[in-house]
Every structure is written in structure tokens, then in C-alpha cells.
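The exercises below ask the reader to work through one structure, from the surroundings of its ligand to its sheet and its helix packing. Each task is followed by a solution that goes step by step.

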Amino acid sequence: MRRIDVALGSRSYPIYIAGGLLNDLGAYLSEMPLGKKVLLITDTHVDPLYGEKARDTLARAGFQVAAVRVPAGENSKTLDQAAKLYDTAFGHGLDRSCPVVALGGGVVGDLAGFVAATYMRGVPFVQVPTTLLSQVDSSVGGKVAVNHPRGKNIIGAFYQPRMVLVDVDTLQTLNARELRAGLAEVIKYGVIWDEEFFAWLEENSSGVLNLEPAALEYVIETCCKIKAAVVEQDETEQGRRAILNYGHTIGHAIESLSGYGTYLHGEAVAVGMVLEARLALNKDLLTIDEAARITRLLSQVGLPVSLPQGLAAGDMIKSMYFDKKVTENKLTFALPVNIGGCRVFQGLSESEIKQALD
Ligand SMILES: NC(=O)c1ccc[n+]([C@@H]2O[C@H](COP(=O)([O-])OP(=O)(O)OC[C@H]3O[C@@H](n4cnc5c(N)ncnc54)[C@H](O)[C@@H]3O)[C@@H](O)[C@H]2O)c1
């Protein structure tokens, strides 16, 4: 079993990574000072696969569980859905000592975390992520949110979980497209932080795509360590944490213009990483060889590396101004300065961005 500690003073927490951990969820929770009622939130895809196992382990450890499954997919990240979950929490008699447990991908994690952060001004929150994206990214770091018609993740909070339990076995049921989308974030960590890890991925991506447990555990551990290190430096994204957004400024524009759901988040980020590497190349931050290595690795794992037909550069730039990271009307980009290093740049000119998009 691998353990990583996210060191945030009184908000510190462990991340446990191993196969089969879901069986021990109840035992892990009973070692924490928690009330005996649990709100377990999952979705309509995850519940039939892992819901019973989660309810059983919690019941064996003496917890009384109210289990709710929300419809799978991004559309569940709404205030309406959160309101239904508050109703269930009240109905079950959840008090301030009782945990909300998220069992699922990033959608369930973000929604459940938002409910945990706001119900009674905050109750303990536990993440049991079941997609590669949520295991390497969204379950760690405390960003919780729902969507609003004005934007994705625009209503939310920074609210750290008390524990993250990663059962790598759950990835065996994830479809190949979702797995590849998670790999985009994995490759991102290599680019922004760790050249050795990037090189390892170049040699070993097939092990991850073939769901080999040792490869998965190594990848998840490495990514969680990097995310923990970044979050420890800048919990509420005042500066440094923004390097995690490499690929995301352009990625978000692609997602929103092509209609959410056409591209998976990771797929849009993959294209964003290629184009933002091009932006870095044009600014002489990155060499042509480094930019090519990034594109090659993304392509090698089966991710898209070029813009979909019909997206006009002008529309994309307009869409970028709706990003949460825009301050004083200046676009922010996290750009690689080599493989293994990244810096945040503000105030790039529209012509520079257009040149990269073209
Ligand atoms: N909080 C953060 O820091 C952060 C970071 C990145 C992304 N996010 C958010 O995460 C969300 C995307 O997360 P995601 O990619 O995990 O999507 P998701 O939660 O929609 O899961 C993807 C699909 O896989 C299914 N699924 C989940 N686990 C499964 C399993 N083990 N086996 C089979 N199917 C399974 C889900 O039901 C869903 O259909 C977005 O809403 C995004 O905004 C948040």
C-alpha cells in the first residue's frame, strides 16, 4: 500500500493507494473521529459496480448509510442536485460530525465535496475516486464545485477531504476512452514538473493502457505526490497552483465551443497542451524537440492532438475571456519552459494566441 500525506497544517490528510482498498473503507473510516451516520454519494454507472461493496464495508464497521445515486455525467453538478442531497442529509439525521463520502469520478467528487463544504457549514468529507482523472487529480487538493449557466465550476469552495482512498482495481471497469482522458492529466504532470516521469511514460504508457496494477499504482502515486506538493505551496491558487492549468485555457475554450460532452475534458486538455506548447515554442520558452515530444506522447496514448474542424481562432479567444483565471481582462496561461518545468504568464497578446491556434 502506498501512502502520501498532503501537509496543510490542520487540514492535512492522507491519500492511500492500492488494489482492493474499497473493501476496507469502513475500517478506515472507523479509525477517524466521526459520527456514525454516512451520506454515500455515487452515480448511476458506479453504483451497480461498487455501491453494494461500499455499503457493506460501511455497515460492517457500524455506520448507518444513506446512499444516493445521481445521474452519471456532468449535468449532475448543479445546485438543484446539491439541494436534493441536503434534503437526504437532513432526512438521515446527518450532524456536523458525520461524513459525506464520494464514490465515483470527478463529477461525484466535486458535487459531494460541495455538499460536504456547505451542509451545516461543513462536515467531514472523504473521497473514494474511481476514474483515472479523479484518482490523479480531482480528488486531491480540495477544489469542490457545481456548475452554473454562466460557467463550469463557478460556484464552489476550497474544501479539503479528510482522506482519499484510491482503489486502483476500480479502474478495471473504466472504458478505454475515459482512461485515455485521465492520461492527459498524467502527462501534464510530467510536462510541468517531472522530466523523469515524462520519460518513463514515453517508455511505459502501454502498461497503463493495459491496466497493469504496478504501472497504475506508480502513476497515481507520482501524480498525487506532485499535486500534493503544488497544493501545499499554494492551497487557494494565489499563484503557483495555476501551473496545474497547463493545457486548460485552450482546453476549456474547446470544451465550451464544441458543446460540453463532445470532447471529454482530458481530450480537450490534450489538444490544449499541444497548442499551449506551440505558444511556448513561439515565445522561445520551449524547443521544437520538446514540443514534439509532448505531441508525440499524447498521440501515442490515443489522445487528439489537433483542433476539431470548424473552431475559429477568434471565437476561441473570446471564449477564453470567460475563464475564471481571467483577471483585469488579461488571459492567463501556464506554459512549459522545458519538460519538467512550467511558469504562469499573464497578458499574452491576442495575436500571439491566434498565431498558435492557426
Ligand atoms: N476538483 C478538481 O480539482 C477537478 C480537477 C479536474 C476535473 N474536475 C472535474 O471532474 C469532472 C470530470 O471527472 P471524470 O473524468 O472522473 O468524469 P465523471 O465523474 O463523469 O466519470 C466519467 C464516467 O465514468 C463513469 N465511471 C466512474 N468510475 C467508473 C468505474 N470505475 N468504472 C466504470 N465507469 C466509471 C462515470 O459514471 C462517468 O460516466 C469534471 O466535472 C471536472 O470539472 C475537478
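**Exercise 1: The ligand shell**

Task: Describe by class the shell around the ligand, and state which helices supply residues to it.

Solution: By class, the shell divides into seven nonpolar, 14 polar and seven charged residues. The model is a predicted one, and in it 28 residues surround the ligand, the closest being His45, Gly105, Gly106, Thr131 and Ser138. Turning to secondary structure, helix H2 (46-60), helix H4 (106-118) and helix H5 (132-138) each contribute at least two residues to this shell.

**Exercise 2: The two domains**

Task: Locate the domains and characterise the side of domain 1 that touches domain 2.

Solution: Begin with the bounds, which the domain assignment of the protein gives as 2-173 for domain 1 and 176-357 for domain 2. The centres of the two domains, taken over C-alpha atoms, are separated by 26 Å. Across the boundary, 24 residues of domain 1 are in contact with 27 residues of domain 2. On the side of domain 1 that touches domain 2, strand E1 (2-6), strand E2 (13-18), H5 and strand E8 (151-158) each supply at least two residues, and the largest share, five residues, comes from H5. Sorting that side of domain 1 by class gives 15 nonpolar, six polar and three charged residues.

**Exercise 3: The open sheet**

Task: Work out the strand order of the seven-stranded sheet, and explain why E1 and strand E4 (64-70) each have one side without a neighbour in the sheet.

Solution: The seven strands follow the order E1-E2-E9-E6-E5-E3-E4 in an open sheet whose pairing is mixed. E1 and E4 stand at the edges and each has a single partner strand, so one side of each is left without a neighbour in the sheet. From one strand to the next, the twist averages 15°.

At the E4 edge, strand E3 (residues 37-43) pairs with E4 in the parallel sense over seven bridges, and Asp43 stands opposite Val70 in E4. H2 packs on the sheet, where this helix touches E3, E4 and strand E5 (100-104), and the direction of H2 makes about 165° with that of E3.

At the E1 edge, by contrast, E1 and E2 pair in the antiparallel sense over five bridges, with Tyr13 in E2 as the bridge partner of Val6. These two strands form a hairpin with six residues between them, and Gly9 in the turn has a positive phi of about 60°.

**Exercise 4: A helix pair**

Task: Determine how helix H10 (residues 265-282) and helix H11 (residues 288-300) are oriented, parallel or antiparallel, and which residues make their contact.

Solution: First take the geometry: H10 and H11 pack at an angle of about 175°, with their axes 9 Å apart. Angles over 145 degrees count as roughly antiparallel, and H10 and H11 are therefore roughly antiparallel to each other. Next, list the contact residues, which are Ala270, Met273, Val274, Ala277, Arg278 and Leu281 on H10, and Ile288, Ala291, Ile294, Thr295 and Leu298 on H11. Finally, assign classes to the residues of this contact, which divide into nine nonpolar, one polar and one charged.

Terms used
Residues numbered from 1 in each chain as written. Predicted model: local features only at pLDDT ≥ 70, side-chain atom pairs only at ≥ 80, totals over all residues. Near = placed C-beta within 6 Å. Helix = DSSP H or I, 4+ residues; strand = E, 2+ residues; numbered from the N terminus. Nonpolar A, V, L, I, M, F, W, Y, C, P; charged D, E, K, R; others polar. Domains from an automatic or database assignment. Contact = placed C-beta atoms within 7 Å. Pairing = 2+ DSSP bridges. Axes fitted to C-alpha atoms, helices over the stretch in contact; angles between N-to-C directions. Parallel < 35°, antiparallel > 145°, perpendicular 65-115°, else oblique.
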